[in-house]
Amino acid sequence: MASISSRTGAACIFSIALASGLMLAANARAVVVVINVDSVDDDIDNDTSDGQCHISPNGPCTLRAALMTANRILGDGATIMLPAGTYVQSRPIPPGDGEDGGDLNMTTPSSGNPLITISGAGGSASTIIDANFQDRVLSIGAGRSASISGVTFRNGLSTGPGGGIACVGGTLTLNDVQFNNNTSSA
């Protein structure tokens, strides 16, 4: 079952890119930080204040750590380059549903409207984000702009809206994205 929803009281603007190529207009002056994920583990960023994605000094960059870093980037935002592989979420849901466990979170920006892009390598069949039936796969906060391409979201489970993606008043563009085996009871 495909699962994208917005929570009660807030709308999420969805668009699905039907043609290949650029999904958003490029700004010649745009400075977008590129974050290269190099580990399929589900570890957190050890220092979210330094603007670098790593789980320890000189350590690898996981998808969760990359999102924690991207959430804090202002200006034009960040692009997360996700190599082909299966990224299984294994961290338990923390109190308050924070970034350090459960679903992956694109948080509300502290200012402006920075875009977070997740770009999977090799297309949606090659790059999989698996929620491991412990929570939904991804949550997008109010005011957050997101663009996701070349990824499969699978095995999300939520007692609220959105087993695959829950969106709370953000903007989401999808291109070559699949949803497999996500369940929501709302």
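Me: Let's start with helix 1: which of its residues are buried?
Reply: A helix here is a DSSP run of H or I with at least four residues, a strand is a run of E with at least two, and both are numbered from the N terminus. Buried means under 20% relative accessible area, exposed means over 50%, and partly exposed lies in between (1.4 Å probe, protein chains only). Helix 1 is mostly covered, with eight of its eight residues buried. They are Leu-63, Arg-64, Ala-65, Ala-66, Leu-67, Met-68, Thr-69 and Ala-70.

Me: What pLDDT do local features need in this predicted model?
Reply: Residues are numbered from 1 along each chain as its sequence is written, and side-chain values use heavy atoms, leaving out hydrogens and water. In this predicted model, totals for chains, interfaces and linings use all residues, side-chain atom pairs count only at pLDDT 80 or more, and local features need a pLDDT of at least 70.

Me: Which residue forms a salt bridge with Arg-64?
Reply: A salt bridge is a side-chain nitrogen of Lys or Arg within 4 Å of a carboxyl oxygen of Asp or Glu. Arg-64 counts as buried at 2% relative accessibility, and its closest N and O atoms in the bridge are 2.8 Å apart. The pair links helix 1 (residues 63-70) with the loop between strand 3 (33-36) and helix 1, across 22 residues. The partner in that loop, itself buried with a relative accessible area of 8%, is Asp-42.

Me: What is the volume of the largest cavity?
Reply: A cavity is a set of points on a 1 Å grid over the protein atoms alone, where a 1.4 Å probe fits but cannot get out. Grid points are joined across faces, edges and corners, and a volume is the space filled by probe spheres set on the points. A search of the whole structure finds one cavity of 30 Å³ or more. The largest cavity has a volume of about 50 Å³.

Me: How many charged residues are in the lining of the largest cavity?
Reply: Lining residues have an atom within 4 Å of a point, and here they are Val-40, Asp-41, Asp-42, Leu-63, Arg-64, Tyr-87, Val-88, Gln-89 and Leu-104. Helix 1 and strand 5 each supply at least two of them. For the classes, Ala, Val, Leu, Ile, Met, Phe, Trp, Tyr, Cys and Pro count as nonpolar, Asp, Glu, Lys and Arg as charged, and the others, Gly among them, as polar. The lining thus splits into five nonpolar, one polar and, for the charged residues, three.

Me: By how much are the C-alpha atoms of His-54 and Ala-65 separated?
Reply: His-54 lies in the loop between strand 3 and helix 1 and counts as buried at 13% relative accessibility. Ala-65 is one of the buried residues of helix 1. The two are eleven residues apart along the chain, and their C-alpha atoms are separated by 6.5 Å.

Me: Which residue does the disulfide join to Cys-53?
Reply: A disulfide is a pair of cysteine sulfur atoms within 2.5 Å, and the count comes to one. The link is right-handed, with 90° about the S-S bond. Cys-53 counts as buried at 15% relative accessibility, and its partner, at 3%, is buried as well. With an S to S distance of 2.0 Å, that partner is Cys-61.

Me: Which residue meets Asp-130 in a salt bridge?
Reply: The count of salt bridges comes to four. Asp-130 lies in strand 8 and its partner in strand 10, so the pair ties together parts that are 24 residues apart in sequence. Asp-130 is buried at a relative accessible area of 6%, whereas the partner is partly exposed at 27%. At 2.8 Å, N to O, that partner is Arg-154.

Me: How far apart are the closest N and O atoms of Arg-136 and Asp-103?
Reply: Both residues of this salt bridge are buried. Arg-136 sits in the loop between strand 8 (127-130) and strand 9 (138-140), and Asp-103 in the loop between strand 5 (85-88) and strand 6 (104-106), 33 residues apart. Their closest N and O atoms are apart by 3.5 Å.

Me: Is the pair of Phe-153 and Phe-179 stacked or edge-to-face?
Reply: Rings of Phe, Tyr and Trp (its six-membered ring) pair if their centres lie within 6.5 Å; planes under 30 degrees apart count as stacked, over 60 as edge-to-face and the rest as tilted. The structure holds one aromatic pair, which links Phe-153 in strand 10 (residues 145-154) with Phe-179 in strand 13 (residues 171-180), 26 residues apart. Phe-153 counts as buried at 1% relative accessibility, and Phe-179 does at 16%. The ring centres of Phe-153 and Phe-179 are 5.5 Å apart and the planes are at 20°, so the pair is stacked.

Notes: On a 1 Å grid over the protein atoms alone, a cavity is a set of points where a 1.4 Å probe fits but cannot get out, and a pocket is an open set with protein on both sides within 12 Å along at least five of seven lines; lining residues have an atom within 4 Å of a point.
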